[in-house]
Amino acid sequence: MTKELPDNIHRLPVEPRIIPRSDHNISRNDISDNALKVLYRLANAGYKAYLVGGGVRDLLLDIKPKDFDVVTDAHPEQIRELFRNCRLIGRRFRLAHVRFGPEIIEVSTFRACHSGGEGDTESSDGRILRDNVYGDIDDDVWRRDFSVNALFYNIDDFSIVDYVGGMNDIRDRQLRLIGDPQARYREDPVRMLRAIRFAAKLDFSIHADSARPIPVLATLLNDIPPARLFEEFIKLFLGGTAHKTYELLCEYDLFTYLFPQSAAMIKTHAQHGELLRHAFNNTDQRLAENKPVTPGFLVAALLWAPVRQLADEHERHGLPELEALHLAGDAVVSRQVSQVALPRRITLMAREIWTMQSRLKRRQGKRPLRLLSHPRFRAAYDFLLLRAQSGEHVTDLAEWWQNLQQEHPDAVAAGKPRGEQVRKRRRPRRRSNPSGDGR
Ligand code: ATP
Ligand code: MG
């Protein structure tokens, strides 16, 4: 049976290529036990069950997948009947989250995506919603973004099902949108950011046809709700390849839709670009060493130049530096959050780091010692180092603080956030915030 394909999909061969187990490298040993459990239970109940998306792609590339997504012909209620530890989420399209301790396996039902033209509406997260209905695997494949994300690993015979030439693109290490690239970006502009993210993470090229429309359509990102851009921001910059991602975002004119104030200054202030490069490299390195990273620190770096510029202006009008930094920080942050909805805990940390830059200049009296045990001292000091690295004239100041820390390790330890402190407590402290949010 031939199915009608959505308008924006070129006539692609609808017969899939089946790659048998003997011809690919995906072994069940590399799939999480929980994902296997889900796949087998669905299959044993008589449903079709496939691993799909990033999990399959990454395994083919010998990368450890971040998570595993499963797709099936079982409907959400049927999925729920099979798994006690299951929660249905989403309104228009319900997905099942099957939870095993910290691991969540996302199980979705095959979806068809018929382009209805007049029936299209825009969702609250900026995507065009089509008249979506449940379908089969050969419907589901076309709604996916890149060919390498549309490979299905069949638990029935361990083969891979490839409708879109994804295996060849894995081999050629390239990202190619399924269907007409312009139409697919218009349908969901976040795919432009996803192209960059995967290109950086996988070290893939973007096929010329999928690359060409990006700078032209980049402005469509202005229609994406700031909350969704925040989710993407985290994935783009805290995935271990922030530096490469940043370079590609600039190359494709996308960076300005995430951090407009910062992007405006890169062209005129080379030092700002330097600071960002160092910040991204540090972040990537910390992640590679399994050290914790804080988005607040990155945001402090991303907005430092615009904050500094505005603060300078306030100072020229007679405000003291600390107050100028406060005011500038408020203004720059409030413009920024209308583009990318950075949560308050993140912007608060960035603002503290900025104002601490002024306090770090005061070296007289008892103040410096007190500052050593400030909970934000470490972040503020690291930020000072970053500024020194990028060519700001603060190297002497950074050295001075380094010496002070060496002379007073106790004061430094006292400022470390809870958890990092090596200090015995006689009595367990009562939780002041039972939600455990810690804020
Ligand atoms: P990773 O999890 O490593 O970030 P991923 O490819 O698994 O990468 P997810 O966001 O987890 O990305 O999405 C899972 C799959 O869902 C994708 O591989 C793709 O097939 C499909 N998908 C996700 N977002 C989109 C989108 N915006 N447009 C089309 N398909 C999408
Ligand atoms: Mg995934």
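A polar contact, as the term is used on this tour, is a pair of N or O atoms within 3.5 Å. The model on the screen is predicted, and every distance and area given below is computed from it.

**First stop: ligand 1**

Select ligand 1 and display the residues that surround it, of which there are 17, the closest being Arg 57, Lys 66, Asp 188, Arg 191 and Arg 197. Begin with Lys 66, where an N or O atom of the side chain lies 3.0 Å from an oxygen atom of ligand 1, a distance that qualifies as a polar contact because the cut-off is 3.5 Å. Then move to Arg 57, whose side chain places an N or O atom 2.9 Å from an oxygen of the ligand, and on to Lys 201, where the corresponding distance from a ligand oxygen to a side-chain N or O atom is 3.2 Å. With these side chains shown, consider the surface of the ligand: taken alone, ligand 1 exposes 590 Å², and the protein buries 84% of that.

Now colour the shell by element of secondary structure, and you will find that the elements giving two or more residues to it are helix H2, residues 54-60, and helix H7, residues 190-202. Which of the elements gives the most to the shell around ligand 1? That is H7, with five residues. If you recolour the shell by residue class, it divides into 13 charged residues, three polar and one nonpolar.

**Second stop: from helix H7 to Asp 145**

Stay on helix H7 and select Arg 194 together with Asp 145, whose side chains meet in a salt bridge with an N to O distance of 2.6 Å. Arg 194 lies in H7, whereas Asp 145 lies in the loop between helix H4 (137-140) and strand E11 (151-154), so the pair ties together parts that are 49 residues apart in sequence. The two partners can also be examined for exposure: Arg 194 is partly exposed, at a relative accessible area of 22%, while Asp 145 counts as buried, at 7%.

**Third stop: Ser 147**

Remain in the loop between H4 and E11 and select Ser 147, which has its place there. Is Ser 147 buried or exposed? Ser 147 is buried, with a relative accessible area of 1%. Its side chain is joined to that of Asp 169 by a polar contact of 2.6 Å. To see the surroundings, leave out residues up to four places away in sequence and show what Ser 147 touches, namely Val 164, Gly 165, Gly 166, Asp 169, Arg 176 and Ile 178.

**Fourth stop: further salt bridges**

The salt bridges in the model come to 26 by the rule applied here, and a few more of them deserve a look. Select helix H6, residues 181-187, in which Arg 184 and Glu 187 are three residues apart and thus separated by about one helical turn. These two form a salt bridge, with their closest N and O atoms 2.9 Å apart, and both ends can be checked for burial, since Arg 184 counts as buried at 2% relative accessibility and Glu 187 is buried at 7%.

Next, select Glu 392 and Arg 387, another salt bridge, in which the closest N and O atoms are 2.9 Å apart; Glu 392 and Arg 387 are both buried. End the tour by selecting Arg 308, Asp 312, Glu 315, Glu 321 and Lys 361, which are joined into one network by salt bridges that share partners.

Conventions
Residues numbered from 1 in each chain as written. Chains lettered and ligands numbered in written order. Predicted model: local features only at pLDDT ≥ 70, side-chain atom pairs only at ≥ 80, totals over all residues. Heavy atoms only, no water. Near = heavy atom within 4 Å. Polar contact = N/O pair within 3.5 Å; in protein donor to acceptor, adjacent residues only side chain to side chain. Areas by Shrake-Rupley, 256 points an atom, 1.4 Å probe, with all protein chains shown as cover. Helix = DSSP H or I, 4+ residues; strand = E, 2+ residues; numbered from the N terminus. Nonpolar A, V, L, I, M, F, W, Y, C, P; charged D, E, K, R; others polar. Salt bridge = Lys/Arg side-chain N within 4 Å of Asp/Glu carboxyl O. Buried < 20%, exposed > 50% of the residue type's maximum accessible area, 1.4 Å probe, protein only. Contact = heavy atoms within 4.5 Å.
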